[in-house]
Amino acid sequence: MAQHATLITPQGKKIELSPDIYRQIKQLLVNSSRSHTHARVTKTIAATYGKYAGKHSLTQALLAERAAERAREAKKFGRFNG
(Lines give C-alpha, C1' and ligand atoms only; values in the text may rest on other atoms or scores of the structure.)
Protein backbone atom coordinates (compact mmCIF):
# COMPACT_ATOMS: atom_id res chain seq x y z
CA MET A 1 0.00 0.00 0.00
CA ALA A 2 1.49 3.32 -1.09
CA GLN A 3 1.45 6.05 1.48
CA HIS A 4 0.36 9.54 0.58
CA ALA A 5 2.04 12.62 1.87
CA THR A 6 -0.11 15.24 3.53
CA LEU A 7 0.34 18.94 2.89
CA ILE A 8 -1.05 21.19 5.63
CA THR A 9 -1.87 24.73 4.55
CA PRO A 10 -1.34 27.77 6.81
CA GLN A 11 -5.10 27.72 7.39
CA GLY A 12 -4.85 24.13 8.68
CA LYS A 13 -6.44 22.47 5.67
CA LYS A 14 -4.98 19.01 4.90
CA ILE A 15 -4.33 18.04 1.30
CA GLU A 16 -3.37 14.49 0.37
CA LEU A 17 -0.56 14.32 -2.21
CA SER A 18 0.17 11.42 -4.50
CA PRO A 19 3.77 10.15 -4.44
CA ASP A 20 4.37 11.72 -7.88
CA ILE A 21 3.12 15.15 -6.83
CA TYR A 22 5.09 14.89 -3.58
CA ARG A 23 8.32 14.24 -5.54
CA GLN A 24 7.60 17.21 -7.81
CA ILE A 25 7.02 19.56 -4.88
CA LYS A 26 10.10 18.24 -3.10
CA GLN A 27 12.19 18.88 -6.22
CA LEU A 28 10.82 22.44 -6.49
CA LEU A 29 11.77 23.12 -2.88
CA VAL A 30 15.26 21.70 -3.34
CA ASN A 31 15.82 23.76 -6.50
CA SER A 32 14.56 26.99 -4.94
CA SER A 33 16.78 26.60 -1.88
CA ARG A 34 19.82 26.07 -4.11
CA SER A 35 19.18 29.15 -6.18
CA HIS A 36 19.51 31.55 -3.24
CA THR A 37 22.52 30.28 -1.33
CA HIS A 38 24.44 32.76 0.78
CA ALA A 39 27.56 32.26 -1.34
CA ARG A 40 25.67 32.98 -4.56
CA VAL A 41 24.05 36.12 -3.16
CA THR A 42 27.41 37.34 -1.84
CA LYS A 43 29.04 36.67 -5.21
CA THR A 44 26.30 38.60 -7.03
CA ILE A 45 26.62 41.57 -4.69
CA ALA A 46 30.40 41.57 -5.01
CA ALA A 47 30.17 41.41 -8.81
CA THR A 48 27.83 44.39 -9.05
CA TYR A 49 29.08 46.48 -6.12
CA GLY A 50 30.58 49.69 -7.43
CA LYS A 51 29.45 48.89 -10.95
CA TYR A 52 28.47 52.48 -11.57
CA ALA A 53 31.25 54.10 -9.57
CA GLY A 54 32.63 57.18 -11.28
CA LYS A 55 29.42 57.80 -13.18
CA HIS A 56 26.62 60.23 -12.35
CA SER A 57 24.93 59.54 -9.04
CA LEU A 58 21.29 58.70 -9.57
CA THR A 59 20.62 59.44 -5.92
CA GLN A 60 22.04 62.93 -6.26
CA ALA A 61 19.99 63.49 -9.42
CA LEU A 62 16.81 62.41 -7.60
CA LEU A 63 17.60 64.69 -4.65
CA ALA A 64 18.19 67.63 -6.99
CA GLU A 65 14.94 66.91 -8.81
CA ARG A 66 13.05 66.75 -5.52
CA ALA A 67 14.58 70.07 -4.36
CA ALA A 68 13.47 71.72 -7.61
CA GLU A 69 10.00 70.24 -7.17
CA ARG A 70 9.79 71.60 -3.61
CA ALA A 71 10.84 75.04 -4.86
CA ARG A 72 8.12 74.98 -7.53
CA GLU A 73 5.56 73.94 -4.92
CA ALA A 74 6.64 76.71 -2.55
CA LYS A 75 6.40 79.27 -5.35
CA LYS A 76 2.94 78.00 -6.36
CA PHE A 77 1.63 78.09 -2.78
CA GLY A 78 3.21 81.52 -2.27
CA ARG A 79 1.09 82.84 -5.12
CA PHE A 80 -2.06 81.52 -3.48
CA ASN A 81 -1.17 82.56 0.06
CA GLY A 82 -0.22 86.06 -0.70
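These notebook entries record what I looked up in one protein structure.

**Entry 1: the model and its outline**

I noted before anything else that this is a predicted model. I then looked up the secondary structure and found three helices and two strands. Reading along the sequence, I recorded the order as β-β-α-α-α.

**Entry 2: the two strands**

I turned to the strands and asked in which sense β1 and β2 pair. Strand β1 covers residues 5-8 and strand β2 covers residues 14-17, and I found their pairing to be antiparallel, with four bridges. I looked up individual partners as well. Leu7 has Ile15 of β2 as its bridge partner, and Ile8 is matched with Lys14 of β2. The two strands form a hairpin, and five residues lie between them. Within that turn I marked Gly12, whose phi is positive, at about 95°.

**Entry 3: surface and burial**

I next asked what percentage of the residues count as buried. The protein has 82 residues, and 4% of them fall into the buried class. The exposed area of the protein is about 7900 Å². Of this area, 60% is supplied by carbon and sulfur atoms.

**Entry 4: a nonpolar patch**

I looked for nonpolar side chains grouped on the surface. Ile21, Ile25 and Leu29 make a nonpolar patch of about 240 Å². I placed Ile25 in helix α1, which runs over residues 19-35. Ile25 has a relative accessible area of 31% and is therefore classed as partly exposed. A residue must have over 30% relative accessible area to belong to a patch, and the 31% recorded for Ile25 satisfies that cut-off.

**Entry 5: salt bridges**

I asked how many salt bridges the structure holds. The structure contains two. As background, I wrote down that side chains of opposite charge can pair when their charged atoms come close.

In one of the bridges, Arg66 is joined to Glu69, and their closest N and O atoms are 3.3 Å apart. Both residues belong to helix α3 (residues 58-81); they are three residues apart there, so about one helical turn separates them. I checked the exposure of this pair too. Arg66 is partly exposed at a relative accessible area of 35%, and Glu69 is likewise partly exposed, at 31%.

Arg66 also forms a salt bridge with Glu73, where the closest N and O atoms lie 3.9 Å apart. Glu73 has a relative accessibility of 32% and counts as partly exposed. Through shared partners, the salt bridges link Arg66, Glu69 and Glu73 into one network.

**Entry 6: aromatic rings**

I asked how many aromatic pairs a search of the whole structure finds. The search returned zero. I did find a charge placed over a ring: the charged end of Lys76 sits over the ring of Phe77, at 5.6 Å from the ring centre. For such a contact, NZ of Lys must be within 6 Å of the ring centre, and the distance for Lys76 meets this limit.

Methods:
Residues numbered from 1 in each chain as written. Predicted model: local features only at pLDDT ≥ 70, side-chain atom pairs only at ≥ 80, totals over all residues. Heavy atoms only, no water. Phe/Tyr/Trp six-rings, centres within 6.5 Å; stacked < 30°, edge-to-face > 60°. Lys NZ or Arg CZ within 6 Å of the ring centre and 35° of its normal. Pairing = 2+ DSSP bridges. Buried < 20%, exposed > 50% of the residue type's maximum accessible area, 1.4 Å probe, protein only. Areas by Shrake-Rupley, 256 points an atom, 1.4 Å probe, with all protein chains shown as cover. Salt bridge = Lys/Arg side-chain N within 4 Å of Asp/Glu carboxyl O. Patch = residues over 30% accessible without salt bridge, like charges linked within 9 Å, V, L, I, M, F, W, Y side chains within 5 Å.
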